[in-house]
Amino acid sequence: MSIYSKTMDAEMARRREVQSSRNEMEKEERQQYLMNQLQKLAAADEDWQMRTNRPCRLSIPAVADAQTLLAHDIVEGGNQTLDSGDPHLASKYYMKALGFPEIQKSKAVVQIKCNLALAQLLDRQDLMCIETCRECIEINPDYIPPYLFRARAYRSIGSFKEAEADLQQAHELSKGSHTLDVYRELLLLVI
């Protein structure tokens, strides 16, 4: 082997080592960034709380009868009550709205039940929240918020494996839209 070949081999080895070192540093920087983001979320920053503890807003159908309009008004009353910090009363509003047959037949039933689950979660009615989320998921298994609410309720009662399973399902469904929310909840499972 010539001195030129040895020098080239040594230079190529050095370059591979430098590139490997750079890749490792970039990976560490990405991991540090993600950990910083997760720590912000784990600290229950106000933005996250405001975004994830808000009820779903319903749109009024273009053609609606008086009963449907009344049910939508009741749901809006529940939303305002939940926003003002009274989840127990908000639950009553949502239950009343769910009593309308027109609502039971509409697509809005999942959102109203999800709002009910959130109110139950905030009112520390974890078992009721879990059951309401189960009903939401039966109706629409692709809707992510019930998985997150149910995971929180499971975590609250100490059922960590069930919480992790719900978060895994939410992560698979999220496709990036709720990724940080899912990671935050996962982090809270291990803290």
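## Exercises on an all-helical predicted model

The protein contains ten helices and zero strands, helices (H or I, at least four residues) and strands (E, at least two) being DSSP runs numbered from the N terminus. The model is predicted: local features need pLDDT of at least 70, side-chain atom pairs count only at pLDDT 80 or more, and totals for chains, interfaces and linings use all residues. Residues are numbered from 1 along each chain as its sequence is written, and side-chain values use heavy atoms, with hydrogens and water left out.

**Exercise 1.** Determine how many disulfides the structure holds, and examine cysteine 133 and cysteine 136.

*Solution.* Step 1: apply the criterion, a pair of cysteine sulfur atoms within 2.5 Å. Step 2: a search of the whole structure then yields zero disulfides. Step 3: for cysteine 133, the nearest cysteine sulfur belongs to cysteine 129, 4.0 Å away, and cysteine 133 is in no disulfide. Step 4: for cysteine 136, the nearest cysteine sulfur is that of cysteine 114, at 5.2 Å, and this residue is likewise in no disulfide.

**Exercise 2.** Classify cysteine 133, cysteine 136 and glutamate 28 as buried, partly exposed or exposed.

*Solution.* Step 1: buried means under 20% relative accessible area, exposed over 50%, and partly exposed in between (1.4 Å probe, protein chains only). Step 2: cysteine 133 has 0% relative accessibility and is therefore buried. Step 3: cysteine 136, also at 0%, counts as buried. Step 4: glutamate 28, located in helix 1 (residues 3–42), has a relative accessible area of 46% and so is partly exposed. Step 5: across the protein, buried residues make up 39% of the 191 residues.
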